[in-house]
Each structure stands twice: as C-alpha cells, then as structure tokens.
Amino acid sequence: MSASTPASLHPEVDIRRAEPGDLPGILEVLKAALGETPLLRRSPDLWRWKHVDNPFGPSLVLVAVAGERVVGVRALMRWELVGPSGARLRCLRAVDTATHPEFTRRGIFRKLTTAAVEEAGAQGFDLIFNTPNAKSGPGYLSMGWRPVGRIGVLARPRLIGASHPGSGLARVDEYLPDVSPVDPALEDRPPRGWRTPRTIAYQRWRFLQHPTARYGMVQRNDATAIVRANLRSGRPELVLSDLLGRADPAPVRAIARRHRARYLAGWFSPGSPERRAAIRAGLVPLPVTTLRLVARPLRADLEVGDLSRWDLATSDLELL
Ligand SMILES: CC(C)(COP(=O)(O)OP(=O)(O)OC[C@H]1O[C@@H](n2cnc3c(N)ncnc32)[C@H](O)[C@@H]1OP(=O)(O)O)[C@@H](O)C(=O)NCCC(=O)NCCS
C-alpha cells in the first residue's frame with residue numbers, strides 16, 4: 001500500500017499512513033475504545049515515547065479515516081530480537097490498535113491489520129509479535145498469527161505491613177525504601193531464545209524515559225532487580241520488571257523483605273535463570289494466564305515456536 005493510493009474499504013472509510021496532524025484524532029480513538037488509567041493516559045507524551053523516541057526507530061502507523069475524521073488506528077512499534085546464535089530478527093510489535101466504538105464490526109481492524117502486514121513484508125521485516133486481548137485475539141489468529149504461549153505470573157504476597165493504596169500514580173520509593181535510580185548501562189547475558197537486546201539506549205528509553213512509570217533498582221551479588229510500582233485492582237503492587245547481571249536471588253530477596261506493596265509480581269520465560277532466581281527468592285508461579293503471546297512470521301522459513309524459543313521478562317511484555 002502507498003500513502004498516495006489509499007485502499008477503499010467502506011463507502012466512506014479509507015486506510016492510509018498516519019501523518020503528524022492525525023495525532024489528536026488517534027488519541028481520541030484510543031481513549032474512546034480503550035479508556036485510560038492513571039498510569040496509562042493516552043497522552044501525546046506516551047505516544048511520542050512509544051512511537052517516536054523508541055530506540056529501534058519510529059513506528060509504522062496506519063489510520064482509517066472517514067472524511068477528515070480518524071476512526072481507526074493501527075500502530076506497530078519497531079523492535080529487534082536476537083537469538084542464541086546471534087541472528088537478529090527485524091520485528092514489529094503490534095500495540096495500539098483500536099476502532100472507534102461507532103465504527104466497529106465493519107472490518108476496519110481487519111483492513112488496517114492486513115495493510116500493515118503487507119507494508120511490513122514490503123519493508124523487509126521478519127516478524128510481528130504482540131499480546132492481544134480477548135476481543136482482538138480471534139481476529140489475529142484468522143489473519144495468520146500463530147499462538148506462541150500463555151504468559152503467567154510469579155508472585156509473592158505480603159500479608160502484613162502493606163501500604164494503603166494511593167489514589168493516583170504510585171512512586172516506586174513509596175513502596176520500597178532506599179531504591180536507587182536505574183543505571184542504564186547494566187550488563188545483559190547472552191540470549192537463550194529470542195530476546196530484546198538490552199543496549200544502553202534501550203535501557204535508558206525503557207527504564208528512565210517513560211513518561212509515567214517510575215523505575216528503581218536494587219543491586220546485590222552482581223545482580224540487579226528493576227522494579228516499578230503499580231496499582232492492580234486498587235492494590236499496591238511492586239512489579240519485578242527485570243533481573244539483569246547475574247541471575248541471583250539476592251536482590252529479589254532484599255526487595256521481598258523490605259517492600260510495602262501488597263504483592264511482588266513479575267514473569268520470566270520458563271527455564272530461564274531469572275525465573276529460577278525469582279522462585280528461589282520466594283515468588284510462586286500462579287495458575288493464571290495474564291497475557292497470550294502471538295506472532296506473525298513474515299518469512300516462509302521462520303518458525304515462531306513456542307515459549308521455550310523466546311527469552312522474555314516482564315519488561316519485554318508490558319510497555320509501562
Ligand atoms: C478489537 C477491535 C480493534 C476490533 O475492531 P473492528 O474494526 O470492530 O474489527 P473488525 O470489524 O475488523 O473485525 C475483525 C475480527 O476481529 C474479531 N472481533 C472484532 N470485534 C470483536 C468482538 N467484540 N468480539 C470478538 N471478536 C471480535 C472478529 O474475529 C472479527 O472478525 P469477524 O467480523 O469476521 O467476526 C475494536 O473492537 C476495538 O477497538 N476494541 C477496543 C480496543 C481493543 O480492545 N483493542 C485491542 C487491543 S489488543
């Protein structure tokens with residue numbers, strides 16, 4: 001698809017690449033379709049962080065327009081995954097997607113997604129991946145996406161001494177005394193499966209430049225745990241976002257002893273040393289599915305595999 005030859009889809013709805021002036025309309029559609037939380041405001045700042053400042057490059061963004069009005073949006077963030085052999089995958093990560101409630105069930109999501117897949121293939125990308133919700137999941141599977149696996153949660157509740165939930169944004173130091181700002185030059189280990197390369201630029205963007213989420217780190221025994229504060233269903237939660245350096249339980253244990261949230265919770269790929277470290281520090285795998293990872297290969301020779309082929313942490317799955 002090209003910007004000059006929009007695909008006609010419905011008498012009055014066309015698909016085209018987004019232009020800078022579309023941003024207010026895009027944010028309106030996201031707000032109307034997905035809503036907002038105190039941690040997830042559909043603000044121009046959050047959009048810029050995700051889709052402009054991303055160290056992997058600017059996003060591929062398509063819009064559906066009815067006359068002058070944006071009625072659907074499909075944004076795919078550029079991403080990179082590196083495998084154990086050093087092979088690199090040029091990826092897109094399907095994130096913000098929404099159709100305005102007045103325009104749903106007319107094929108807009110399907111048309112936007114089909115156009116994005118075509119464009120991604122033409123630009124030489126290898127793979128699209130994402131964690132769709134229950135509404136969009138069936139649509140993706142019918143468009144060539146494959147299920148990779150279910151993401152669960154490792155958690156350790158704190159039954160006494162938890163803080164009372166605040167009303168707005170939680171700051172990580174409210175839940176964890178003496179937490180340090182994240183040093184964006186932490187060493188990462190070699191990938192065991194498809195893994196986001198945690199370069200300095202990536203760590204700076206991911207953990208220091210987020211417009212709303214505030215991260216902190218705790219270091220012990222050459223291991224660094226990165227955490228952020230969250231409210232889940234009104235309960236204060238400390239999210240174990242990543243564990244870098246040596247996969248040692250010591251920083252997670254230190255956090256588990258001192259934090260004042262109701263839960264410490266995170267997730268690491270099955271079989272990973274970080275998962276073992278988190279479990280040794282007292283986190284327990286809960287029998288729940290929080291997200292479903294799906295992927296769409298754009299090359300015939302690429303197998304997405306199951307979760308054992310992916311090397312992920314909480315920080316790879318959420319964008320807070
Ligand atoms: C999910 C959403 C993007 C679908 O947009 P849409 O333009 O109405 O979707 P389409 O008309 O192109 O439908 C494509 C397919 O998606 C699936 N789908 C769409 N809406 C669905 C719903 N409410 N329930 C179940 N499946 C649904 C169906 O498989 C559908 O195929 P079908 O019409 O042949 O049955 C839209 O409902 C929306 O914006 N929802 C709120 C935001 C959201 O949940 N975004 C996804 C975040 S991961």
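Reader: What makes E7 and E12 a pair, and which way do they run?
Author: Pairing takes at least two DSSP bridges. In this predicted model, 8 bridges join E7 to E12. The condition is met, so the two strands count as paired. They run antiparallel. E7 covers residues 146-157, and E12 covers residues 284-297. For one position, take Pro147: Val294 in E12 stands opposite.

Reader: Which other strand pairs with E12, and what makes that a pair?
Author: Strand E6, residues 127-130. The bar is at least two bridges. E6 and E12 have 4, in the antiparallel sense. They therefore pair. Asn130 has Val294 in E12 as its bridge partner. Val294 also stands opposite Pro147.

Reader: How do you know that E7 pairs with E11, and in which sense?
Author: Count the bridges again. E7 and E11 are joined by 4, and at least two are needed. The strands run antiparallel. Leu264 in E11 has Arg156 opposite.

Reader: What makes E10 a partner of E11, and in which sense do they pair?
Author: They share 4 bridges, in the parallel sense. At least two would do, so the pairing holds. E10 spans residues 235-245. Leu240 is bridged to Gly266 in E11. From E10 the chain passes through helix H7, residues 250-258, to reach E11.

Reader: Why is that β-α-β crossover called right-handed?
Author: Point the strands away from you. Right-handed means that the path from the first strand over the helix to the second runs clockwise. The path here goes E10, H7, E11, and the crossover is right-handed.

Reader: Which way do the residues of E11 point, and are they buried or exposed?
Author: Tyr263 and Ala265 point one way. Leu264 and Gly266 point the other way. All four are buried.

Reader: Why is Thr196 called buried?
Author: The count decides. Buried takes 20 or more other C-beta atoms within 10 Å. Thr196 has 22, so it counts as buried. Yet Thr196 lies in a loop, between helix H5 (172-175) and helix H6 (200-208).

Reader: Which residues does Thr196 touch away from its own stretch of sequence?
Author: Leu81, Tyr202 and Asp316, leaving out residues up to four places away. The C-alpha atoms of Thr196 and Leu81 are 4.8 Å apart, across 115 residues of sequence.

Reader: Why is Asp178 called exposed?
Author: Exposed means 12 or fewer other C-beta atoms within 10 Å. Asp178 has 9, so exposed is the right word. Asp178 sits in the loop between H5 and H6. Its phi is near 60°, positive in a residue other than glycine.

Reader: Why does Asp222 count as exposed?
Author: The limit is 12 or fewer, and Asp222 has 12 within 10 Å, so it is exposed. This residue belongs to the loop between strand E8 (215-220) and strand E9 (223-232). Phi of Asp222 is also near 60° and positive, again in a residue other than glycine.

Reader: Why is Arg106 only "partly exposed"?
Author: The class lies between the two cut-offs: 20 or more is buried, 12 or fewer is exposed. Arg106 has 16 C-beta neighbours inside 10 Å, so it is partly exposed. Arg106 is in the loop between E5 and H3. Val13 is 93 residues away in sequence, and 9.8 Å away from C-alpha to C-alpha.

Reader: Which residues come nearest to the ligand?
Author: Thr99, Thr104, Phe109, Arg110 and Gly139, out of 19 around it. Helix H1 (23-34), strand E5 (88-99), helix H3 (108-122) and helix H4 (137-141) each give at least two residues to the shell.

Reader: How many residues of that shell are nonpolar, polar and charged?
Author: The shell has 7 nonpolar, 8 polar and 4 charged residues. Gly counts as polar.

Reader: Where are the two domains, and how many residues of each make the contact?
Author: Domain 1 is 9-130 and domain 2 is 150-316. Their C-alpha centres lie 26 Å apart. The contact takes 25 residues from domain 1 and 27 from domain 2. On the domain 1 side, helix H2 (44-51), strand E4 (69-82), H3 and E6 each supply at least two. E6 gives the largest share, 4 residues. By class, that side has 15 nonpolar, 5 polar and 5 charged residues.

Terms used:
Residues are numbered from 1 along each chain as its sequence is written. This is a predicted model: local features need pLDDT of at least 70, side-chain atom pairs count only at pLDDT 80 or more; totals for chains, interfaces and linings use all residues. A residue is near a molecule or strand if its C-beta atom, placed from the backbone, lies within 6 Å of it. Two residues are in contact if their C-beta atoms, placed from the backbone, lie within 7 Å. Domain bounds come from an automatic or database domain assignment.
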